[in-house]
Amino acid sequence: MMQEKECTDIWRRYQAGKDHHNRTNMYTQAEKCHRFYEGDQWHGLQAGDEELPMLNFIKPICRYKIVMVAMNDTAILFSPMDNDPKKAEICEALTAFAAAQWEKGKLDSKKWAVVKNACITGDHYLYCFDERMPSESVVTDMTPRLKMRLIDKTALYLADEQEPNLEEQEWIIIAERVPVENVRRQAKDNGLPEAEIRRIVSDEADETQLGVTGADEVQTDSGKCTSLLFMRKTDGGVAFCRSTQAVVYQPMQTIRGLDVYPVCGMRWEEKMGSARGVGVVERLIPNQIEVNRTLARRAICVKRYSFPTVVYDQDKLLAPEKLGVVGASIGVKNLNANPVGSFVQYLSPAPISGDAAKLRAELVGTSRELEGAGEAATGQVDPTKASGEAIKAARDQSAISLNEQSAPTSSLWRTWR
């Protein structure tokens, strides 16, 4: 095991962030929310050959909310604060530049991804960076190559987990899994000595990467390692470097003039005293579990008790296995004058209470209504019983509850300015 003195300061901060996330159960809860949204709701249950039923009402609720928020058109617009024509001309050029970068970065699709993941787990992030190598040529090359990368909530580590404003953070760390060969190549390009480069080795994937384990990763000769992108604000701009567990393979550099972190995020709902958000899935999981359990119990009862059961005298029948075969001929012994019904009878199925079905329907219906995604909101109304205007009015009324998520001041794009 690597000694403490062999870890970089950045790695120690990352470990402190992991300890905090483990205490708040972030990794487990985020993975659980994704499983319930995707429909893997009996995860880990040993049921033998039995396939248990499931009624996933979480997904349609989330999809309705995601669509209502993400379908709003979003754009970056610049406008002067006065009537100065020169400023207006500059703002027009900046707006055209932003529109071009928006298209190149495919930000419409990324917006949907961010809104979807924020709805599921509570918050999600977007990291923007210039693909050009930092060098003197950047000064003369005035054509930036901007790239945008989606960041899971579990891959983002903050200096203060109680500060919701990213710009007030002392530092930010983004963790990612990178092939060791790529890291060593970057370390060599950055002028690190060979002895330091050899200390960059593979490590095991852990719970910090959602849905990724050591078995899931493609096995190569060198493997992968956890790379940390460290950012902090300085008087001259935003400084950044990259580190593995034992080696800072990209020395600290400062982007002059950049006074905001190139990271923006969306929190679905604010959580008091936390930099993280609250999603839709987490609060619906208890109801979803109870619906599935009720449905499974009903299914088992139907299988066991809702069909006639044959009872026969095994000494009288020559081929009792044919009782379940349609049109089969079955021989009997010593029938004499006894009727066949005296040794072959069917037990009538026992009645099943409708309370279980009512409970399931009530849980699903009430959960949807409380989330503002009931039948009226989603348009699942019999058109013969309501006018189109009434359906539209009910749908628009339910969308009011999503104004907070749709507002630019509280969404993903408030960092862009």
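This is a tour of a predicted model, moving from the whole chain to salt bridges, a cavity, a pocket and two buried side chains.

**Whole chain**

Start with the cartoon view of the full protein. Its secondary structure comes to 13 helices and ten strands. The protein has 417 residues, and buried ones make up 37% of them. Switch to a surface: about 24500 Å² is accessible, with 52% of that area belonging to carbon and sulfur atoms. For contacts between residues at least 6 apart in sequence, 65% join residues at least 24 apart.

**Arginine 276 and aspartate 123**

The structure holds 14 salt bridges. Select arginine 276 and aspartate 123 for one of them: their side chains meet at 3.6 Å, N to O. Arginine 276 sits in the loop between β8 (263-267) and α9 (281-305), while aspartate 123 belongs to strand β1 (residues 123-130), so this pair ties together parts that are 153 residues apart in sequence. Are the two residues buried or exposed? Arginine 276 has a relative accessibility of 4% and counts as buried. Aspartate 123 is also buried, at 0% relative accessible area.

**Glutamate 269 and arginine 283**

Stay with the β8 to α9 loop and select glutamate 269, whose side chain forms a salt bridge with that of arginine 283 (3.4 Å, N to O). Glutamate 269 is in the loop between β8 and α9 and arginine 283 is in helix α9; they are 14 residues apart. Glutamate 269 is partly exposed, with 28% relative accessible area. Arginine 283 is partly exposed too, at 34% relative accessibility. Now add Lys153 and Glu161 to the earlier pair: salt bridges with shared partners join Asp123, Lys153, Glu161 and Arg276 into one network.

**Arginine 149 and glutamate 176**

Next select arginine 149 and glutamate 176, whose side chains meet in a salt bridge at 2.9 Å, N to O. This pair links strand β2 (residues 146-151), which holds arginine 149, to strand β4 (residues 171-179), which holds glutamate 176; the two residues are 27 apart. Arginine 149 is partly exposed, with a relative accessible area of 34%.

**The cavity**

Keep both residues of that pair selected. Which residues line the largest cavity? They are Tyr127, Arg149, Ile151, Ile174, Glu176, Leu229 and Arg242. The elements giving two or more residues to this lining are β2 and β4. By class, four of the lining residues are nonpolar, none is polar and three are charged. The space inside comes to about 40 Å³. The count of cavities of 30 Å³ or more is one.

**The second largest pocket**

Go back to Arg276 and display the second largest pocket, which holds about 340 Å³ of space. Its lining has 18 residues, and those nearest its centre are Thr24, Met26, Lys153, Lys271 and Arg276. Two of these names, Lys153 and Arg276, also appear in the salt-bridge network. Which helix gives the most to the lining? Helix α2 (residues 26-38) does, with four residues. Colour the lining by class: four residues are nonpolar, nine polar and five charged.

**Cysteine 119**

Select cysteine 119, which lies in helix α5 (residues 107-121). Cysteine 119 counts as buried, at 0% relative accessibility. Show its contacts beyond four places in sequence: Cys62, Ile66, Trp268, Gly279, Val280 and Val281. For a distance label, use lysine 65: its C-alpha atom is 7.9 Å from that of cysteine 119, although the two residues are 54 apart along the chain.

**Phenylalanine 57**

End at phenylalanine 57, in the loop between α2 and α3 (58-70). Is phenylalanine 57 buried or exposed? Its relative accessible area is 4%, under the 20% cut-off, so phenylalanine 57 is buried. Leaving out neighbours within four places in sequence, phenylalanine 57 is in contact with Leu284, Asn287, Gln288, Val291, Val364 and Ser367. Last, draw a line between the C-alpha atoms of phenylalanine 57 and phenylalanine 36: the distance is 9.7 Å, with their positions 21 residues apart in sequence numbering.

Notes
Residues are numbered from 1 along each chain as its sequence is written. This is a predicted model: local features need pLDDT of at least 70, side-chain atom pairs count only at pLDDT 80 or more; totals for chains, interfaces and linings use all residues. Side-chain values use heavy atoms; hydrogens and water are left out. A salt bridge is a side-chain nitrogen of Lys or Arg within 4 Å of a carboxyl oxygen of Asp or Glu. Buried means under 20% relative accessible area, exposed over 50%, partly exposed in between (1.4 Å probe, protein chains only). Contact means heavy atoms within 4.5 Å. Accessible areas come from the Shrake-Rupley method with a 1.4 Å probe; for residues, only the protein chains shown count as cover. On a 1 Å grid over the protein atoms alone, a cavity is a set of points where a 1.4 Å probe fits but cannot get out, and a pocket is an open set with protein on both sides within 12 Å along at least five of seven lines; lining residues have an atom within 4 Å of a point. Grid points are joined across faces, edges and corners, and a volume is the space filled by probe spheres set on the points. Ala, Val, Leu, Ile, Met, Phe, Trp, Tyr, Cys and Pro count as nonpolar, Asp, Glu, Lys and Arg as charged, and the others, Gly among them, as polar.
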